[in-house]
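These are my notebook entries on a protein chain that I went through element by element. I wrote down each item as I looked it up.

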Amino acid sequence: MTVPGSVAVVGGGTMGAGIVHVFLAAGSSVVLAEADAERAAIGVGNVEASLTKAQERGKLNAPAAELLSRLSTVEDLAALPADTALVIEAVPEKIELKRSIFEAVARRCPEAVLASNTSSLSIAEIARGLPGERLIGMHFFNPVPVQALVELVVHSGLPGEVVATVRGWAEALGKTVIEVRDSPGFATSRLGVAVGLEAIRMLEEGVASADDIDTGMRLGYAWPMGPLRLTDLVGLDVRLSIADHLAKQLGPRFEAPQLLRDKVARGELGRKTGQGFFSW
């Protein structure tokens, strides 16, 4: 199976830019939707930087400039091409924001598969009142061009043929797909957050340094990156938001440590601010 010819990505931040990158590299034409011209320009800049880095490493099969020629932007979802095959939202973890995006997209693109890159929110809840028969969770991992996994999140109202189509598209990107039932935190966020929160508690309690905790997981359990450095990469604010959501859904074992709350309050959000559990 090949990737869809026409893809739209809503949100040009770290995740959105990475998703745009992989679809451009696989041959799709992509429209990046952002709230205004300034954010759209930043999003394009993020994509260009990602493609250029990949080109320098010999990871592209075409020049970055050639791939960028298939990227366009819109500042209004009503301006998306009506025949878009796949629309992926990669916006902050706010359910009403995601629902409002899909409401607009569903009107504009009546045949498009609607995919959410959420890492923890209920797909069924996002789909409530929308064309749920074409809305799926398509959870990519950061950095998208490098990470091999896509987690498909399936709710009860989703036909099997839609799941098969999206699986085929993800595999055409060179990704490995896992399929999980719509449940709090799915598979990856639930496990990843649990380990990450325990690592933060260990640091808070003085069990070991951040470096030693991460080294223990890298060398003892073959993690490619320790849980604290991974939290820095994901963003401490993002991890806190997911932890709070999971605590409401699954109970106190997902309560965030005070150290995490304090760092977020100080603006120490990880790599994107230059300081988290490590200095960047």
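**Entry 1: strand pairing.** I began with strand E1 (residues 6-10) and found that four bridges join it to E4, the two strands running parallel. The model I am reading is a predicted one. Within this pairing, I located Ala 8 opposite Val 87 of E4. I then followed E4 to its pairing with strand E5 (residues 113-116), where I again found four bridges and a parallel course. Here I noted Leu 86 standing opposite Val 113 in E5. I also looked up how E4 and E5 are connected: together with helix H4 (residues 95-108) they form a β-α-β unit, and the unit is right-handed.

**Entry 2: the two sides of E4.** Which residues of strand E4 (residues 86-89) point one way, and which the other way? I recorded Leu 86 and Ile 88 on one side and Val 87 and Glu 89 on the other. Such a pattern is what one expects, because side chains in a regular strand alternate between the two faces of the sheet. I noted further that all of these E4 residues are buried.

**Entry 3: the nonpolar cores.** I next looked up the largest nonpolar core, which has 40 residues. Phe 23, Met 138 and Phe 140 are the members that touch the most others. Helix H1 (residues 14-26) contributes the most to this core, namely six residues. I listed the contacts of Phe 23, leaving out residues up to four places away in sequence; among them are Val 3, Pro 4, Val 7, Leu 86, Ile 88, Met 138, Phe 140 and Leu 173. Apart from this core I found another one, of 26 residues, including Val 10, Ala 33, Val 91 and Ile 101.

**Entry 4: a pocket and a cis bond.** For the second largest pocket I wrote down a volume of about 570 Å³. It is lined by 19 residues, and those closest to its centre are Ser 50, Lys 53, Pro 143, Pro 145 and Val 146. H1 and helix H2 (37-56) are the elements that give two or more residues to the lining. The largest share, five residues, comes from H2. I then looked at Pro 143 more carefully: the peptide bond leading to it from Asn 142 is cis, with omega near -5 degrees. Pro 143 is placed in the loop between strand E6 (135-139) and strand E7 (149-154).

**Entry 5: two positive phi values.** I noted phi near 55 degrees for Phe 186, a positive value in a residue other than glycine. Phe 186 lies in the loop between strand E8 (176-181) and helix H7 (188-204). Is Phe 186 buried or exposed? Its relative accessible area is 4%, so I entered Phe 186 as buried. Ala 222 also has a positive phi, near 60 degrees. I found Ala 222 in the loop between helix H8 (210-221) and helix H9 (227-234). Ala 222 counts as exposed because its relative accessibility is 63%, and the cut-off for exposed is over 50%.

**Entry 6: Arg 190.** I closed with Arg 190, which lies in helix H7. With a relative accessible area of 29%, Arg 190 is partly exposed. Leaving out residues up to four places away in sequence, I listed its contacts as Pro 184, Gly 185, Leu 246, Leu 250, Arg 253 and Phe 254. From Arg 190 to Gly 157 I noted 33 residues in sequence and 23 Å in space, C-alpha to C-alpha.

Key. Residues numbered from 1 in each chain as written. Predicted model: local features only at pLDDT ≥ 70, side-chain atom pairs only at ≥ 80, totals over all residues. Heavy atoms only, no water. Core = buried A, V, L, I, M, F, W, Y, C linked by side-chain atoms within 4.5 Å. Buried < 20%, exposed > 50% of the residue type's maximum accessible area, 1.4 Å probe, protein only. Contact = heavy atoms within 4.5 Å. Pairing = 2+ DSSP bridges. Right-handed = clockwise from strand over helix to strand, strands pointing away. 1 Å grid on protein atoms, 1.4 Å probe; cavity = no way out; pocket = protein on both sides within 12 Å on 5 of 7 lines; lining within 4 Å. Points joined across faces, edges and corners; volume = space filled by probe spheres on them.
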